[in-house]
Each structure stands twice: as structure tokens, then as C-alpha cells.
Amino acid sequence: MHKKYKFKGKAFVTYVALSFLFVCVFIVIIYFGLNHTIRKYTNIINTVAIKESKNDRKVKFDNAQKKMTSIPSYGSKYGTIKIDKINLDLPLYYGDNEEILSYGIGHYAGSYFPGEGGSVILAGHNDPGYFEKILELGNNDKIVLDLNYGKFDYQIYETRIVSENDLSAFPIQDNEERLILYTCYPLGVGHKTERFVVYAHRVGETDA
Amino acid sequence: MRKFKKLVGYILGFISSVLLTILVLLFVFKITIFNQNYVLQKLEDNNYYEEVTKSIKRDMGNSLMSSGLDKSILDGIFKDGDIKVDIKGFIASIYTGSKYKVDTDSLKKKLNSNIDEYLKEKGLEATDKKSLETYVDGVVKIYKDGINIYGYLDGVISSFAKISTYTDMFIGFIIVFIIVCLVVIRKWVHKRYSGVVCLSSSLMLLYFRWFIYDGIDFKNIIIISDSFSKVIRKVLIDVGDKVIIVSMVLLIISIVLNLNNSLFKIKRIRKSL
Amino acid sequence: MRRIKIFTVLCLVLSVVIGVSSVKAMSESQLLEKLTATYDINGYKFQLSDGDRVLAKRYLDLYEVSSAHADYIAGEIDSAIKDMRDSGIKDFSDFSKLPSSLKEKLKQHVLNVAANTSIKATVKNGKVIVFNPDGTVFAEIGKLVKNTGSNLNIIATVALLVTAVGTVLIVRNVKANA
């Protein structure tokens with residue numbers, strides 16, 4: 001009778017030990033059985049876990065290779081566009097979403113950077129203080145892009161009015177440096193179904 | 001035979017612990033993510049409605065550029081309260097598995113009327129009627145897209161109501177199974193196993209929570225919109241905190257139960273003496 | 001003598017392993033070629049838009065993608081193309097009109113790439129946003145799916161979460177039967 005109750009403290013330890021044994025088995029199952037699946041889904045979630053930074057990036061251009069080795073962050077200002085004929089001097093941003101276009105002129109990210117030897121496509125609204133006056137531009141007019149890695153001069157050779165869906169009017173190529181400016185057309189009220197497009201060749205040397 | 005029964009008892013004990021862990025997790029989801037009032041409260045606490053209103057107004061303002069129209073045409077086309085009503089309606093539809101249609105007729109009517117007034121006032125004419133209609137449709141779309149951001153999570157959202165119902169079923173099923181396990185264990189292995197199950201379960205919960213949350217950078221999740229991301233982060237962190245709280249409660253219960261099971265024997269000694 | 005034998009065997013094994021790895025491992029330029037290729041899927045010509053090709057090339061120029069990741073992405077592209085071919089569908093111009101089983105398969109391929117590479121991207125405000133490793137935005141990739149935006153951002157035929165900038169399954173300017 002007395003022996004039956006000899007190990008009273010041990011019972012508590014046994015319960016705890018058994019619990020830890022169950023937990024160990026659980027950990028082994030999770031680690032070896034479900035680890036891969038859980039990590040897969042946590043990796044997917046971590047793809048959208050981004051420590052967003054709004055800092056300005058240092059922009060670098062490799063003159064020898066004629067390409068950007070460090071680009072501005074999307075939405076940041078990286079220069080100005082100047083057109084003396086129409087007294088235009090506007091900030092130039094990398095990217096062309098609606099918010100950027102409300103601040104100034106947007107550089108379509110799927111085109112090349114000035115100096116890289118390809119198509120550079122810039123967009124601006126046709127409102128006063130933006131690209132309203134580019135409609136007055138004609139052949140031989142000069143455009144200057146003053147960027148934080150150099151100055152680039154262009155001369156207009158063509159202007160055109162195209163449909164908003166005409167992608168052939170915006171060729172993206174890397175054979176020759178071409179500046180393409182566009183804005184909605186015509187001026188007036190409502191949704192615009194056309195675009196006024198200005199094409200310019202590069203002239204002059206890079207001033208880094 | 002006795003050893004076999006003991007072995008089965010241990011296995012059932014392990015299964016009960018795991019089931020209790022799952023039960024707690026389902027319960028936490030039930031009171032959080034699957035609870036409409038909880039979600040609405042989180043939206044309220046994180047100023048979600050105000051952020052969405054700001055975002056819609058900003059996007060509508062941006063749409064004015066190149067339209068040739070003035071910002072006055074956007075005056076009074078909707079009330080701030082309308083957005084809250086629509087978001088709440090949309091969320092309710094997710095939980096009931098129904099479809100919610102954002103009513104934009106009055107918005108469209110008011111916008112058209114504002115545009116007509118503006119044009120008359122300024123003596124302007126639209127380039128063509130279709131271009132104005134396209135513009136108006138664009139503004140209406142901004143409103144709808146601001147409310148209905150869940151288009152990107154279609155697969156999940158469409159089955160939300162079903163998942164919530166199944167959760168109730170699973171919770172019931174698990175409770176029954178745990179009780180059956182404990183009864184079998186009581187018969188075959190030991191009278192008082194509940195303390196073991198509770199202790200194992202609380203430690204499993206703590207481990208599982210650490211395992212998942214250690215691997216995910218919750219604080220920096222960005223998805224769909226900034227305001228939505230903020231709410232998601234708060235909800236996920238809250239769910240994790242609730243799991244910890246429940247596991248702590250289980251831990252305390254388990255300690256009490258285990259002590260009681262051991263103390264019972266001591267009392268018997270005293271009585272027999 | 002025995003040590004030399006072991007050493008020789010080790011060298012042989014290592015060279016086989018390295019040889020196999022280098023045969024299998026895909027370079028960034030090979031990945032870029034794969035991303036920018038034209039695919040014929042049931043008669044429908046499928047290709048990255050010119051703008052997206054520039055973005056893909058720029059991303060791969062600026063940031064290293066390991067051979068393992070490049071291999072993985074290429075594998076997922078192949079599987080996705082196979083799924084699209086097996087579906088028998090001939091018109092991929094509108095992602096939203098594809099059968100949900102195919103949509104889910106295509107989304108899964110992108111999620112697989114997300115799960116197995118370190119590229120950061122998300123969907124925000126109706127656009128796919130790809131990030132630079134320092135947390136700044138690399139690019140916003142146009143308007144998704146149902147939105148036919150104006151200007152150059154026209155018709156995403158397959159809208160998926162981008163984890164490699166040029167993950168071939170986002171096509172914005174569809175060159176139909178070019």
C-alpha cells in the first residue's frame with residue numbers, strides 16, 4: 001500500500017517528459033515532413049515582404065560600354081528637359097505612371113536611357129505647364145536633356161499625329177539613339193484618342 | 001496486450017495533442033480572419049476607409065490631367081460615407097459568398113451633370129461625345145477599383161465563405177475526436193492524461209508559431225495597396241499574438257492539471273495515514 | 001598508392017559533377033534569350049513586348065541571377081508554355097477569359113518562381129511592381145489584365161506576379177501572328 005504512493009513527484013516529471021516527447025515528435029514531423037511545403041509558402045509571402053526604400057539612388061553611366069550601371073529608382077527625378085523655343089524647362093522623372101505625370105515629364109521605363117544608343121520615350125500631359133506647347137515644335141528645333149549623369153542634345157526631324165493604340169509609332173530599338181516625346185491630342189475636353197509625337201536625333205557629345 | 005494498449009494510448013495522446021493544437025489555430029482564425037466584425041474593426045482602427053477615400057480622390061484628380069476639365073467637375077460626385085458603405089457591403093459579400101455590386105449610377109449622373117455645367121459655363125465643347133463618355137467611364141472605374149481590390153485574390157476570396165463554414169465543421173469534429181481519444185486513453189493507459197495533452201499542445205503551438213513567424217517578414221508586406229498592406233500586417237501580427245496568449249493559457253491549465261494529478265496521490269497518502 | 005587512387009577517384013567524381021553542373025546550369029544570357037524568344041502556342045505567336053524586353057535585359061544586366069535560379073525560371077517557363085499548349089486554346093489575348101484551370105496553373109508557375117528565387121515583386125495599385133535589391137522600385141509593369149490603359153501600357157495577356165522582370169508570361173504588346 002505504502003509503495004503505491006512512493007513516486008508522487010515522479011508522476012509530475014513523467015507527465016512533463018511525455019509532453020516533451022510528443023513535442024519532439026511534432027517538431028521532427030514538421031521539420032522533416034512539412035518543412036519544404038511551409039518554406040515554399042513562406043517564400044511566396046516573403047516575395048511581397050519588401051523593406052521599401054524611397055531613397056534616391058546614385059545614378060551611374062558607363063561611358064565605355066554606353067550603358068547604365070545604376071539606374072534611378074522608379075518615380076525619382078533624375079534630370080530636366082529643356083526646349084528653348086517654347087520656353088520649356090521641366091523636371092524629368094524615371095517612370096510614367098499617373099502620379100509621376102502629375103509632377104512633370106515621365107520616362108517610359110521600357111525604353112532606353114539617354115546615352116545608351118536606343119529609343120528614349122518621354123511622356124507628358126498636354127496641360128499648360130507640361131507638354132501643351134510641344135504642338136508648336138517643328139523640324140530642326142532643339143531639345144536638351146540635362147541629367148545627373150550628363151547632358152544630351154537632340155534635334156527634331158519629324159512630328160506626327162498617331163492613334164493612341166498605334167504602337168508602331170513608338171519603336172523601341174537599340175540601333176540608333178532617338179528621342180520620342182508624346183502627349184495627348186487634340187487639346188480640348190474629354191478622353192483623347194490620339195497622340196502628338198515628336199521624333200528627334202541625338203546631336204553633340206555627352207558632357208558627363 | 002497491456003503494452004499494446006499503452007502504445008495505442010501514447011499514439012492517441014500524441015494525436016490528441018496535435019488535434020488540440022489544430023483546434024486552437026482554427027479557433028483563433030475563427031475569431032479573427034473568419035470573423036467579419038473583427039475585420040471591420042481592424043479596418044476602422046487602421047483608418048482604412050479614409051485611406052481609400054484619399055486614394056480614390058487622388059486618382060480621380062490625376063485623371064483630370066489631359067482631360068481639359070477642371071477639378072470642380074469632381075465636386076460632390078460622391079460622399080466620403082459612400083465609400084465606407086460600399087467597402088462594408090463588399091466585405092459582407094465575401095463572408096456570405098454573395099456578389100456585391102457597387103452602385104455607380106448616381107456618381108455617373110452627377111459627374112455628367114457637373115461636366116455639362118462646366119462646359120456651358122466656359123463656353124466649351126467636347127471634342128466628341130464618345131471621348132467624354134470614355135472619360136466618365138474611366139472616373140467610375142477608379143471608384144469601383146478603389147472598392148473592389150480583391151480581384152487579384154479571386155481564387156481565395158470566392159471560397160472564403162465555404163472555408164469559414166468548413167472551419168466550424170472541423171472544430172466540431174476535432175472536439176469530438178479529442179474527447180473520444182481521452183476516453184480511450186483513460187480506459188487503457190491512465191486516468192488523467194489531459195494535463196499531458198494540454199502541455200504538449202501549448203508547446204506545439206509556441207513552436208509552430210515561431211516556425212511560421214520566424215520565416216516571414218510580416219512588418220514589410222506590401223500587397224494591393226498601402227492601406228490594405230497595413231491592415232494585413234496588423235491582422236497577421238494580431239493572429240500571432242492571440243496564438244501566444246492561448247498557448248500561455250493552455251500552459252497554465254496544463255501545469256494546474258498535472259499538479260492536481262500528482263497532488264491527488266499525496267492527498268490519498270494523507271487520508272490513509 | 002591507395003591515397004593516390006582515392007584522390008584520382010575524387011577528381012574524377014568532382015569533374016563529372018562540375019561538368020554536369022556546367023552543362024545543366026543556365027547563364028543569364030541564355031535566360032534572357034529564353035525570356036525574349038517568340039513562342040508559337042497553338043498558332044498564337046507569343047512574345048514579350050519590346051518594352052518588357054528592355055526591362056528584362058536591364059534587370060539581368062544590373063543584378064546577378066544565379067545559375068540555379070536561372071535554371072529554375074527557365075524550367076517554369078517551359079512548364080507554363082506546355083500548359084498553354086496542352087489547353088488547346090488559340091487566343092491568349094485576354095487573360096481574364098482563359099479557363100480558370102489554366103489561369104490557376106499559370107499563377108502557380110509564377111508562385112513557384114516567387115518561392116524559389118530571391119527577386120522581390122508585388123502587385124500594388126493595379127500594377128506589378130518589381131523592386132531593386134535595395135528596396136527602391138525597379139519598374140512598374142503597366143496595367144494588368146482587364147485594364148486596357150492608354151499609351152504604351154496595353155493589354156496584359158497573361159497577368160502574373162512578376163518575380164523575374166521578364167518572366168515571359170506577361171505580354172503587353174501582343175504581336176498577333178506576326
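Two residues are taken to be in contact if their C-beta atoms, placed from the backbone, lie within 7 Å. The model analysed here is a predicted one. By this criterion, and with neighbours within four places in sequence left aside, A:Ile180 is in contact with A:Ser119, A:Val120, A:Ile121, A:Phe170, A:Val197 and A:Tyr199.

A:Ile180 is also among the residues with the most contacts inside the largest nonpolar core, which has 86 residues. The others in that group are A:Ile81, A:Leu181 and A:Val198, together with C:Val130 and C:Ala139. Strand β9 of chain A, spanning residues 178–185, gives the most to this core, with 6 residues. A second core, separate from the largest one, comprises 26 residues, including A:Phe26, B:Val197, B:Cys198 and B:Leu199. In soluble globular proteins, nonpolar side chains tend to be buried together.

Between chains A and B, 42 residues of chain A are in contact with 46 residues of chain B. On the chain A side, the elements that give two or more residues are α1 (8–47) and α2 (98–103). Of the elements on this side, α1(A) gives the most, with 19 residues. The composition by class of the side of chain A that touches chain B is 23 nonpolar, 11 polar and 8 charged residues.

In chain C, helix α5 covers residues 100–116 and has 17 residues. The distance from its first C-alpha to its last is 24 Å, close to the 24 Å expected at 1.5 Å a residue. The buried residues of α5(C) are C:Leu106, C:His109, C:Val110, C:Asn112, C:Val113 and C:Ala114. An α-helix has 3.6 residues a turn, so residues three or four places apart point the same way.

Conventions: Residues are numbered from 1 along each chain as its sequence is written. Chains are lettered from A and ligands numbered from 1 in the order in which they are written. This is a predicted model: local features need pLDDT of at least 70, side-chain atom pairs count only at pLDDT 80 or more; totals for chains, interfaces and linings use all residues. Helices (H or I, at least four residues) and strands (E, at least two) are DSSP runs, numbered from the N terminus. Ala, Val, Leu, Ile, Met, Phe, Trp, Tyr, Cys and Pro count as nonpolar, Asp, Glu, Lys and Arg as charged, and the others, Gly among them, as polar. A nonpolar core is a set of buried Ala, Val, Leu, Ile, Met, Phe, Trp, Tyr and Cys residues joined through C-beta atoms within 7 Å. A residue is buried if 20 or more other C-beta atoms lie within 10 Å of its own, exposed if 12 or fewer, and partly exposed in between; C-beta atoms are placed from the backbone. The expected span of a helix is 1.5 Å times one less than its number of residues.
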